[in-house]
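Please take some time with the sequence and the model shown below, and keep both in view as you read. The paragraphs that follow go from one part of the chain to the next.

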Amino acid sequence: MKKNLFILLSILVLSSCGEVISSNGNISSSDNSFSSSTTSSNTTSSDSTNSITSFSSSSSSSSNSNSSSSSSSSSSSSSSGEIGSGELYKATIQNRIPEGYYDSCKGLKGEELKNELHNIIKNHKAYGYKTTQAFFKEVDRDPFDSSKIYFIYTGLTSINTSYNKEHVWAKSHGDFGTSMPMGSDMHNLHPCDNSLNSTRGNLDFAEGGEVLSKYNGNNKRNSNVSFEPSDFSKGDTARTIFYMAVRYEGDVSGEKDIEVSSPSSSRYNDFSSSASGVHGKFDDLYKWAISGIDPVDDHEVYRNNIIYEKYQHNRNPFIDHPEFVEMIYDKEYSGAGALLDKNPYKTKTVKEEVDEFKKLVDDIKEVDSSSLEKITKAENYYQNMSSEAKELVKAEYNILMNKKEEYLNKYEQYKIEEVINLINEIGEVSLASKEKIEEAEKAYNNLSSSQKEKVTNYNVLVLARSKYDELYKKWLEDNPSLDINCDFTTSKGASGSYKKATVSCGNYTFDFSACYKSSDDFRFGSKQNTLEEKFSSIVNGYASMEMNFKVRASSISLTSTGCYGDVTALDLLVSYDDGSTWKLVEKKEDNYNMNVVSTFSVSNQEAKYAFVLEGSEARLKISKLTIN
């Protein structure tokens with residue numbers, strides 16, 4: 001059964017929150033990978049006229065999200081949308097745009113509108129990169145369920161889950177690092193699955209590639225060329241990229257001019273000719289921003305309000321006014337300009353809208369566990385249809401609502417069956433059963449009390465946990481941990497040229513995809529990308545260093561004394577077999593131009609480890625490896 005498919009808000013029909021059993025291997029202490037285990041309280045500013053309205057499963061039509069809102073505190077962008085993969089409700093939180101905030105933009109379009117928006121949102125209050133990690137549990141929590149947090153690209157998950165901070169506009173596209181304000185701008189920073197954060201790396205956004213099936217959603221990666229986010233994150237991604245291109249024009253000390261990459265058609269404005277950094281792909285980002293595939297949703301509106309009111313005191317204008325993207329970039333835009341057009345979007349004909357909606361409803365067929373994505377897609381499409389088209393599909397909309405109700409009625413049994421199947425998959429218990437047991441425990445603990453009573457094989461899970469703990473205790477007694485200190489400046493095997501080598505350090509050996517040793521230092525990496533293929537599907541790396549031995553440890557530290565080229569991150573990967581399968585433990589984003597001790601917390605379980613460098617022409621000067 002597909003895992004993690006059924007993420008659904010408790011406000012729909014169920015209340016199924018529970019504590020997650022933490023993995024021993026999921027301990028993070030770096031500034032960019034951490035667990036926000038404290039559930040935040042609702043800190044949304046009090047506003048009796050802008051309250052959060054709960055969703056009714058028999059929802060009525062909302063206003064078209066493409067309508068331009070007025071620039072007042074009571075203006076609303078009531079666009080429909082989902083938070084994550086499959087949340088069936090429409091946006092109900094109002095934009096709290098300060099009165100007059102965008103007044104100076106009235107009637108503007110093209111470069112004039114872009115420049116005026118820049119003047120409005122520049123010079124925001126900035127925070128240090130490390131400081132921002134304390135904000136996510138408020139800024140990105142689900143506004144309807146404080147036990148959940150929204151991950152960019154993968155949707156809702158438990159607020160106890162560890163994560164990395166994702167620079168949607170990759171910091172290497174402009175080389176601004178994590179320095180204020182560009183590298184710590186909260187509108188650009190989003191919580192992200194640890195592993196997917198490295199898999200995306202600094203790739204441009206574009207459509208195409210292989211589906212990354214291990215993650216929730218339909219994210220894709222096209223080798224080392226591009227990354228396509230899930231449909232429910234395409235709008236978020238595009239609106240973030242266009243925000244960065246407007247916010248940073250290089251006219252303020254310490255800031256660079258960054259722009260979206262050149263369009264493929266001369267129809268669109270290209271501002272990238274003199275930019276310090278560009279991010280692509282314009283064509284796809286523009287389409288995601290204006291097509292309605294992922295309209296502004298509750299999460300974005302809530303996030304924009306909180307960042308403005310409590311932290312940076314500037315807004316993402318493309319969340320408040322999605323139509324601004326088209327007004328700025330489309331040379332053929334012929335409307336009256338910002339804040340003046342009642343319907344600024346170029347829409348399909350009524351017949352095209354009707355035919356498309358009917359097809360979406362017809363595609364649902366019989367309702368089963370795979371129907372959620374189709375129901376969500378059809379409902380979101382309906383909410384963005386013109387009022388004329390909606391009048392012509394009342395029968396089909398009623399059919400959709402019936403299918404939705406049918407799914408919700410069946411949902412409880414689907415979730416119970418998923419837990420039962422996960423428990424059955426554990427099989428005979430051994431030390432290799434750890435991940436299967438924890439996955440089943442996590443799924444079970446996310447059930448409600450009444451649902452847990454229907455898990456008929458729960459006793460099997462209890463016995464499996466008891467057996468595993470017994471085996472692991474004995475293994476710890478038989479395998480005391482080692483203290484290993486390797487000095488690479490005195491190692492053997494590397495030469496005075498950058499190439500692949502097996503390096504010995506005392507009694508231990510390491511396979512480097514590329515390294516260099518001089519009388520002064522030892523360098524990991526080279527000017528060429530030499531990353532081993534077995535790691536390329538896990539992280540977007542540049543060079544690798546694999547340990548040729550297994551070890552049981554609680555921490556691993558690599559000391560570096562500077563770098564050549566651009567080293568953006570250091571990743572630690574783990575293999576619990578003999579190196580056949582690998583997964584990411586943690587990613588460190590430090591300033592590798594200076595002395596750094598990168599310390600990773602690990603699971604105290606026998607395993608092989610590997611380091612992967614991220615960056616461009618990346619060469620890290622390493623001196624010592626400590627394992628204890």
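Strand S3, which covers residues 145-151, pairs with S4 in the antiparallel sense, and four bridges hold to this pairing. In this predicted model, Tyr150 stands opposite Leu156, a residue of S4. The two strands belong to an open sheet of three strands, arranged in the order S2-S3-S4 with antiparallel pairing. Strand S2 (141-142) and strand S4 (155-158) stand at the edges and have a single partner strand each, so one side of each is left without a neighbour in the sheet.

From the sheet we can turn to the salt bridges, of which the model has 32. In one of them, the side chains of Lys310 and Glu138 meet at 3.3 Å, taken from N to O. Lys310 lies in helix H6 (residues 298-311) and Glu138 in helix H2 (residues 136-139), so this pair ties together parts that are 172 residues apart in sequence. The surroundings of the two partners can be described as well: Lys310 is partly exposed, with a relative accessible area of 35%, whereas Glu138 has 7% relative accessibility and counts as buried, because a residue is called buried when the value is under 20%.

Helix H6 also takes part in another salt bridge, in which the side chains of Glu300 and Arg239 meet at 2.8 Å, N to O. Here Glu300 in helix H6 is linked to Arg239 in helix H4 (residues 231-247), and the pair, 61 residues apart, connects distant parts of the chain. Glu300 counts as buried at 4% relative accessibility, and Arg239 counts as buried at 2%.

How many of the 17 residues of H4 are buried? The helix is mostly covered, since 16 of its 17 residues are buried. The length of H4 can be checked too: at 1.5 Å a residue, its 17 residues should span 24 Å, and the end C-alpha atoms are 25 Å apart, which agrees.

Further along the chain, the side chains of Lys588 and Glu586 meet in a salt bridge at 3.3 Å, N to O, and both Lys588 and Glu586 are buried. Salt bridges that share partners also join Lys171, Lys587, Glu589 and Glu614 into one network.

Gly565 is found in strand S18, which runs over residues 555-575, and with a relative accessible area of 46% this glycine is partly exposed. When its neighbours within four places in sequence are left aside, Gly565 is in contact with Ser616, Glu617 and Arg619. Between Gly565 and Ser526 there are 8.9 Å in space, C-alpha to C-alpha, while the two are 39 residues apart in sequence.

The backbone deserves a careful look in several loops. Met180 and Pro181 are joined by a cis peptide bond with omega at about -10 degrees, and Pro181 lies in the loop between strand S5 (162-167) and strand S6 (189-192). The peptide bond from Gly280 to Lys281 is cis as well, with omega near 0 degrees, and Lys281 lies in the loop between strand S12 (277-279) and helix H5 (282-290).

Ser223, although not a glycine, has a positive phi of about 45 degrees, and its place is in the loop between strand S9 (220-222) and strand S10 (226-228). His313 likewise has a positive phi, near 65 degrees, in a residue other than glycine. The place of His313 is in the loop between H6 and helix H7 (317-320), where His313 is partly exposed with a relative accessible area of 43%.

Technical notes
Residues are numbered from 1 along each chain as its sequence is written. This is a predicted model: local features need pLDDT of at least 70, side-chain atom pairs count only at pLDDT 80 or more; totals for chains, interfaces and linings use all residues. Side-chain values use heavy atoms; hydrogens and water are left out. A salt bridge is a side-chain nitrogen of Lys or Arg within 4 Å of a carboxyl oxygen of Asp or Glu. Buried means under 20% relative accessible area, exposed over 50%, partly exposed in between (1.4 Å probe, protein chains only). Two strands pair if DSSP finds at least two bridges between them. The expected span of a helix is 1.5 Å times one less than its number of residues. Contact means heavy atoms within 4.5 Å.
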